[in-house]
Amino acid sequence: MEIPKQYDPRECEERWYRFWEEGGMFAADPRSGKPPYVIVIPPPNVTGVLHTGHAMFVTLQDILVRWKRMQGFDALWLPGTDHAGIATQMVVSKELEKQGIERSQLGREAFVEKVWEWRKEKGDTILQQLRRLGASCDWSRTRFTLDPDLSRAVRTAFVELYREGLIYRGEYMINWCPRCGTALSDLEVEHADSQGHLWYIRYPLEGSEDGEGIVVATTRPETMLGDTAVAVHPEDERYRSWIGRRVRLPIMNRSIPIIADTMVDREFGTGAVKITPAHDPNDFEAGRRHGLPEIAVIGLDGRMTKEAGGFAGQDRFEARKGVVRQLEAEGLLVKTAVHANAVGHCQRCDTVVEPAISKQWFLKIGPLAGPAREAVERGEIRIIPDHWRKVYLNWMSEIHDWCISRQLWWGHRIPAFFCEHCGKSAGSNDPQRLLVAMEDLAKCPYCGGTVSQDPDVLDTWFSSQLWPFSTLGWPQETEEFRRYYPTTVMETGYDILFFWVARMIMAGLKFTGKAPFRDVFLHGLVRDAQGRKMSKTLGNVIDPLDLIEQYGADAVRFTLAVLCVPGTDVSLDPKRMEGYRAFANKLWNAGRFVLMQLEGEAAREPAREDLGFWDRWILSECEVTGRRVNESLEAFRFYEASEVLYHFVWHRFCDWYVEVSKVGLAEGMPAARREATRWTLHRVLDSILRLLHPFMPFITEDLWQRMPGAEGSLMLAAYPAGSTQDSSGFDSIDWLMDLVNRVRNLRAEKGLPPSQRLDAVLVPADHEADAALGRSIEEVAFLARLSGVTRADSLPQGEEWVAGVAARFQFALHVPAASRDAEGERKRLEGELRKAKLERGKFAAKLESPAFVDRAPADVVEKNRRLLAEYGRKIAELEVALEKLAR
């Protein structure tokens, strides 16, 4: 097969992805007899387009799935999309508005039909984009959270929870987004620190003729119009005599009581707080305890209600300014202070959230959170990195009931019905009034009257929490459910640990009796190069599709894997991808070289004695690399596995062995030596392609298909296990590399071109170094571009010899007098001497530290002692060379 000189990512990616998908190679097989390995994809919103967060989880999950598939597992990576209630309704509403159509004009049924049409046309965009990254999902099992069987699972879960008394309906304080027009869970509210104000307001005491009053501090003066009490702490001596008295509410001139409640923070403001039960969660609870009226002065549209008197109809923030002006005019504004405040915003649209009392559906979390917490505590579920385990356990101990209803048209409609004739309804504790059903009701089962369904839909996360098992057929015990549940790994961003992961654990244990996965790996958020969150406002959004076009999917994937360090966010600088694009090109060139040597025929495995020292070294390095990569992936250390591979491929195989192999392949070498070199090149390249495939699937498949004897697909080939063999017997290779590098550096400093062959005298430091040189003198001469090499006990004298020092060798190059620069040579040797002394100092400091000597592994301590001795020897040799130069 002809091998192009240049690697073309786009042509390669399109061709091989089509080959894999059309060949059915992504499909799991429940009858394979192989052990299952299962990951369900965090379903992206059906409205979504590929962003860097998707690119990260797709890369990491695909690495795991391809790796396990090659290890012989029946790997199922199940894809799908989420119906994304609020987001999708907003997108389609905006599309209709462009056509001059208002959602309200269409009505619910017609609007939902429009959404389904939109989903049919554009809903698979994100899944097509995942393919561009190489995602090896089993596309035949693609699911959607509003598929009929998944909707059946959602209804089953709701009905079961309701019948057990875990779902209830009532008027409570909730988070309300005026722009989205729906309730939000606590997790859907993002708090942002902002500089606001604290207004101190005097509430006149009733019956006082001298203007006496109590001063309260508030960050939201517009809500005072709905105050129904002032509260103080019962043990606050400043206000003990005030408890039970009444004050006049400014502006509204309403009489309200002064009450005592331990929820009051005596250190905040004046120690006296206004109580507005309809607009603050703490005030709501206090109001219920004290039986206070609940007066809503801000409506669900974010405008003041008629209860706000003269401010009715105004926007809530405009009303704030008006209230402050009137308080000043009436002399009741005591002072204003700057105050830092964490203001809640809607996660979806960034609107300031309004606490409001509303009739909603709630899920009792306490009975579900206990088992979910225990599953992690006893190790049934492992959360990685470990610090997120602690965060999870703390959060599960303080979790509140979940508001699960949303005032939307798009989503899973709540299966609760109300009889318009006899008044029977869901939401009552009376079993005789139960009207929550698995099937839609056409009439009341009690009186035969007309029924209407609750207009609300369920929070999107309610269906997402069932994803690991609803996608496999639950509540039916299907073959897929028995085979692939529980799943193996949940890999996702830490930002949805509570939104999704915790809820999946609770739901999985509740409905299946089993934890939904064994391991949870949480990667960091992808930010820009400065560590900032990506946003359209900052103009720093990075489009992964643009990166793929510019650098190729393999370079993008490898970069993300390298940057995925557990416990840290990812600062993504596209310039990093230039280096990994160069890595892909380096691999391509090395592969092209090897394939040209093979000439379409697989090399025969040689006898052990025919393998040269460098052959055995690279084979050993390859085995160790395979072991380390597998260990790193088992521990979810993607960055470590990537770096190990990068170092081996570039700095061991390409930089050294490929070059050294040219000695063994040279004309005139014995046939057995040449065949051994060809076999080693073939064997190591084959292993590299296998090891790299989960990280860089496209280029590795392309090169592997060109290998002699390749059959099928690389993605189905066996993954190298590596070995635990000790590679310390090849330490001398590092000495020889250092020698070659020192010779090359000296040539560069002298301005001698690589093409100019030089004679050299080499003086080994000891018997081991001499033996190493003896085994590899041809390779050293070739790599260092030396025409003749003499081993000696001492360096030659004379102006035409330039001396140098390596870790285990002294050497001298024969340089014509015209090229010699004595002053430059002195400066070079002095520079090397300074560096050597600095390095010796570092190792000496380590070995003088009892903490290091006592705690570090013995082999590490011994290596440091060896390096200390080598630097000492090097310093002595450099000092001798300088002394000779001075003569």
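This report describes the nonpolar cores, a helix packing, the salt bridges and several individual residues of a predicted model.

## Nonpolar cores and helix packing

The largest nonpolar core holds 135 residues, and within this core Trp614, Phe653 and Phe695 touch the most other members. Helix 20, spanning residues 638–664, supplies the largest share of the core, namely 13 residues. As a general background, nonpolar side chains in soluble globular proteins tend to be buried together.

The surroundings of Phe695 can be listed in full. Beyond its neighbours within four places in sequence, Phe695 is in contact with Ile63, Asp554, Arg557, Phe558, Ala561, Val629, Leu633, Phe638, Ala641, Ser642, Leu645 and Tyr719. A second core, separate from the one just described, comprises 65 residues, including Leu76, Val436, Leu466 and Leu497.

Helix 20 also packs against helix 17 (residues 553–563), with the axes 6 Å apart and at an angle of about 120°. Helix 17 is therefore oblique to helix 20. On the side of helix 17 the contact is made by Phe558, Ala561 and Val562, and on the side of helix 20 by Phe638, Tyr639, Ser642, Glu643 and Tyr646. By character, the residues of this contact divide into 6 nonpolar, 1 polar and 1 charged. Two of the residues from helix 17, Phe558 and Ala561, also appear among the contacts of Phe695.

## Salt bridges

Side chains of opposite charge can pair when their charged atoms come close. The model contains 56 salt bridges. Three of these pairs are set out below, with the distance between nitrogen and oxygen.

| Basic residue | Acidic residue | N to O distance |
|---|---|---|
| Arg378 | Glu380 | 2.7 Å |
| Arg406 | Asp459 | 3.1 Å |
| Arg706 | Asp702 | 2.9 Å |

The settings of these pairs can be described in turn. In the pair of Arg378 and Glu380, Arg378 is exposed because its relative accessible area is 54%, over the 50% limit. Glu380, with a relative accessible area of 29%, is partly exposed.

Arg406 and Asp459 meet in a salt bridge through their side chains. Arg406 belongs to strand 17 (residues 405–406), while Asp459 sits in the loop between strand 20 (457–458) and helix 12 (460–464), so the pair ties together parts that are 53 residues apart in sequence. Arg406 counts as buried, at 2% relative accessibility, and Asp459 is buried with a relative accessible area of 2%.

Arg706 and Asp702 form the remaining pair of the table. Arg706 is buried, its relative accessible area being 14%, and Asp702 counts as buried at 1% relative accessibility.

Salt bridges also occur as a network, which links Arg220, Glu222, Arg316, Arg320 and Glu354.

## Individual buried residues

Glu621 is located in helix 19, which covers residues 613–634. Its relative accessibility is 15%, so Glu621 falls under the 20% limit and counts as buried. Apart from its neighbours within four places in sequence, Glu621 is in contact with Phe648 and Arg652.

Leu665 occupies the loop between helix 20 and helix 21 (671–692). Leu665 is buried, with 13% relative accessible area. Not counting residues up to four places away in sequence, Leu665 touches Phe593, Gln597, Arg674, Thr677, Arg678 and Leu681. Its C-alpha atom is separated by 69 Å from that of Ser185, a residue 480 residues away along the chain.

Asp686 is found in helix 21 and, at 17% relative accessibility, counts as buried. With neighbours within four places in sequence left aside, Asp686 is in contact with Trp704 and Met707. From C-alpha to C-alpha, Asp686 and Tyr657 are 15 Å apart in space, and they are 29 residues apart in sequence.

Arg143 is placed in strand 4 (residues 143–144). At 14% relative accessibility, Arg143 counts as buried. Residues up to four places away in sequence aside, Arg143 touches Leu78, Pro79, Gly80, Thr81, Asp149, Leu150, Trp467, Ser470 and Thr471.

Key:
Residues numbered from 1 in each chain as written. Predicted model: local features only at pLDDT ≥ 70, side-chain atom pairs only at ≥ 80, totals over all residues. Heavy atoms only, no water. Helix = DSSP H or I, 4+ residues; strand = E, 2+ residues; numbered from the N terminus. Buried < 20%, exposed > 50% of the residue type's maximum accessible area, 1.4 Å probe, protein only. Contact = heavy atoms within 4.5 Å. Salt bridge = Lys/Arg side-chain N within 4 Å of Asp/Glu carboxyl O. Core = buried A, V, L, I, M, F, W, Y, C linked by side-chain atoms within 4.5 Å. Axes fitted to C-alpha atoms, helices over the stretch in contact; angles between N-to-C directions. Parallel < 35°, antiparallel > 145°, perpendicular 65-115°, else oblique. Nonpolar A, V, L, I, M, F, W, Y, C, P; charged D, E, K, R; others polar.
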